[in-house]
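Visitor: Hello! I am new to this structure; could you show it to me and take me through it?

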Amino acid sequence: MRLRPAWIIVAACIATACAGLGVWYWLTAPTVLRLAVGNEGREHARLMNAFAQKLTAEHAAVRLKLVRNQNLVESAAMLDAHEADVAVVRSDHMPRDGLTLAILNRSAIVFVAPAGSRLRRVADLRGHAVGVLRGATDNTGIFDALLAKDKLDRSHVRVVSVTYGDLQEVIDTHRVDAIMVASPIQSGMVERVLTAMTTGTGPRSRPVLFGVEDAEALAAHDQAFDATDLPRGTFGTDPAWPAEDLSTVSITQRLVASRQVRDGPAGDLTRLLFTMRTALAAQIPSANAIEALDPDDAATVGLHPGARQYYSGEQQTFIERYSDFFYIGITLLTMVASAIGGLWSYLLSQRQESAVHMAHRLLKLQYHARLAADAEVLDDIEAQADELLGQAVTMAEEGRMNGSQFHTFAVLNQSLLAAIAQRHARLTAAWGPEHAGAVSGDQRSA
């Protein structure tokens with residue numbers, strides 16, 4: 001069964017539309033990024049879980065699929081192993097393949113010594129026992145870096161690993177001379193240590209709080225650290241802790257993306273994090289600590305190009321990002337439309353040629369009918385006319401012959417039948433009914 005020209009055109013249009021819809025879906029489908037985070041009990045994991053849920057609820061262009069692990073060190077390893085596209089890591093355990101999108105929180109490093117202690121700086125810790133408060137990640141590496149700054153090492157200091165659970169017991173038994181705390185400022189952990197070391201209500205019962213000297217120099221030497229100034233009263237105002245502005249260093253918890261993540265999705269994820277920060281803070285207060293990075297600051301290194309575009313206000317819009325695709329698509333659509341138009345013209349011309357050819361055949365049969373020598377020839381012409389009529393009806397049903405063409409064919413067919421009837425009547429009148437069907441050769445030539 002032959003396809004009608006109209007159906008061929010319809011099929012071509014449907015195929016083109018399906019191809020266009022497929023490309024549009026590919027361009028607008030959300031990008032799903034695998035996010036490496038710690039277990040559900042960690043604050044950063046709770047924040048990222050809320051962020052992922054909000055991205056899904058608002059049908060954002062970027063979505064997150066959380067991949068759980070034990071700690072931030074494992075998250076960094078997963079990013080380097082290409083088992084994750086995005087990860088929450090700490091600045092002292094940055095992945096080789098990771099580039100920063102945003103700072104999630106900042107952990108200031110401070111030391112707390114009992115009341116009456118003469119310890120005031122890291123260099124004073126030589127020969128003393130120092131408790132290193134363990135958080136989600138082991139902090140002894142941070143302490144080693146601080147010791148190295150003052151040309152000290154573990155042989156000069158006795159390190160005691162302290163957990164939140166045994167903090168009070170370690171203080172009460174005087175097992176350490178100072179405790180190093182590296183915890184998010186808003187976590188309240190420094191306040192807990194200060195309270196645990198406070199022995200009374202007078203000024204002399206107040207613990208000693210000190211930071212890291214030469215913070216700017218250390219931060220310039222080691223990118224794991226940032227120089228940080230803690231204003232008076234950061235850890236409490238009654239009494240004020242610290243009693244005056246305190247200079248120290250901090251480490252940061254960062255949202256980083258693999259270098260393989262395209263600039264568009266990386267920039268979108270950064271933009272959405274800051275767009276949703278207020279809403280996230282209503283659910284997870286630590287979201288208030290999320291910080292933007294300054295792309296023009298010489299100290300800002302390892303910033304993902306997509307995040308840099310967002311911070312610089314140079315992030316491309318959807319149209320700008322896919323302008324090349326749109327240009328190519330419009331060009332291809334124009335070419336397809338031209339091809340469909342050409343096909344349509346060709347099919348129309350073929351249909352017209354077929355109708356004209358059949359009309360010429362009828363006229364030719366009519367000519368031969370007028371010259372037919374006997375009824376046998378007329379019968380053959382009439383059979384051919386019937387065959388042509390059947391073909392014309394089929395073409396009209398399939399759409400290969402329009403109504404006007406079929407009407408013209410019918411008129412010519414009626415004219416042919418009339419010519420056959422007239423010629424048959426003349427032969428009968430001239431030779432008689434008994435001779436009209438069998439005429440001699442000489443009579444035919446006459």
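Guide: Gladly, and one term will help us from the outset. A nonpolar core is a set of buried Ala, Val, Leu, Ile, Met, Phe, Trp, Tyr and Cys residues joined through side-chain atoms within 4.5 Å. Please keep in mind that this is a predicted model.

Visitor: Which residues have the most contacts inside the largest nonpolar core?

Guide: In soluble globular proteins, nonpolar side chains tend to be buried together. Here the largest such core has 38 residues. Helix H2 (residues 43-57) gives the largest share of this core, with 7 residues. Those with the most contacts inside the core are Met48, Phe51, Leu255 and Leu269.

Visitor: Which residues is Leu269 in contact with, beyond its neighbours within four places in sequence?

Guide: Leu269 is among the residues with the most contacts inside the largest core. With neighbours within four places in sequence left aside, the partners of Leu269 are Leu33, Phe51, Leu55, Val62, Leu64, Val86, Leu101 and Leu255.

Visitor: How many residues does the second, separate core have?

Guide: This second core is separate, and its members include Val132, Ile142, Val208 and Val249. The number of residues in the second core is 26.

Visitor: What percentage of the residues of the chain count as buried?

Guide: The chain has 446 residues, with 15 helices and 10 strands. A residue is buried when its relative accessible area is under 20%. By that cut-off, the buried part of the chain is 41%.

Visitor: How much of the contacts with a separation of 6 or more comes from residues 24 or more positions apart?

Guide: Contacts with a separation of 6 or more are the ones counted here. Among these contacts, the part from residues 24 or more positions apart is 75%.

Visitor: Is Asp85, the salt-bridge partner of Arg34, buried or exposed?

Guide: The side chains of Arg34 and Asp85 meet in a salt bridge, at 3.1 Å from N to O. Arg34 sits in strand E1 (residues 31-37) and Asp85 in the loop between helix H3 (72-80) and E3, so the two are 51 residues apart. Arg34 is partly exposed at 31% relative accessible area. For Asp85 the value is 19%, under the 20% cut-off, so Asp85 is buried.

Visitor: How many residues apart are Asp97 and Arg259?

Guide: Asp97 and Arg259 form a salt bridge, with their closest N and O atoms 3.9 Å apart. Asp97 lies in the loop between E3 and strand E4 (98-113), while Arg259 lies in the loop between strand E10 (246-258) and helix H8 (263-275). Asp97 is buried at 12% relative accessibility, whereas Arg259 is partly exposed at 48%. The pair links distant parts of the chain, and their separation in residues is 162.

Visitor: Which residues are linked in a network of salt bridges?

Guide: The structure holds 15 salt bridges. The residues linked in a network are Arg106, Asp226, Arg254 and Glu291.

Visitor: Which residues form a nonpolar patch on the surface?

Guide: One member of the patch is Leu332, found in helix H12 (residues 323-370). At 47% relative accessibility, Leu332 counts as partly exposed. Together the members have about 300 Å² of accessible area, and they are Ile328, Leu332 and Met335.

Visitor: How far apart are the C-alpha atoms of Phe406 and Ala396?

Guide: Phe406 belongs to helix H14 (residues 403-431), and Phe406 is partly exposed with a relative accessible area of 27%. Leaving aside neighbours within four places in sequence, Phe406 is in contact with Ala392, Val393, Ala396 and Met401. Ala396 and Phe406 are 10 residues apart along the chain, and their C-alpha atoms are separated by 7.0 Å.

Visitor: Where is confidence lowest in the chain?

Guide: The mean pLDDT of the chain is 82, with 81% of its residues at 70 or more. Over residues 438-446 the pLDDT is below 50, and this stretch has 6 contacts in the model beyond near neighbours in sequence. Where pLDDT is low, the predicted coordinates should not be read in detail. Confidence is highest in strand E3 (residues 86-90), at a mean of 95, and lowest, at 38, in helix H15 (residues 441-445).

Key:
Residues are numbered from 1 along each chain as its sequence is written. This is a predicted model: local features need pLDDT of at least 70, side-chain atom pairs count only at pLDDT 80 or more; totals for chains, interfaces and linings use all residues. Side-chain values use heavy atoms; hydrogens and water are left out. pLDDT is the predictor's confidence in each residue, from 0 to 100. Helices (H or I, at least four residues) and strands (E, at least two) are DSSP runs, numbered from the N terminus. Contact means heavy atoms within 4.5 Å. Buried means under 20% relative accessible area, exposed over 50%, partly exposed in between (1.4 Å probe, protein chains only). Patches are made of residues with over 30% relative accessible area and no salt bridge: like charges are joined within 9 Å, nonpolar side chains (Val, Leu, Ile, Met, Phe, Trp, Tyr) within 5 Å. Accessible areas come from the Shrake-Rupley method with a 1.4 Å probe; for residues, only the protein chains shown count as cover. A salt bridge is a side-chain nitrogen of Lys or Arg within 4 Å of a carboxyl oxygen of Asp or Glu.
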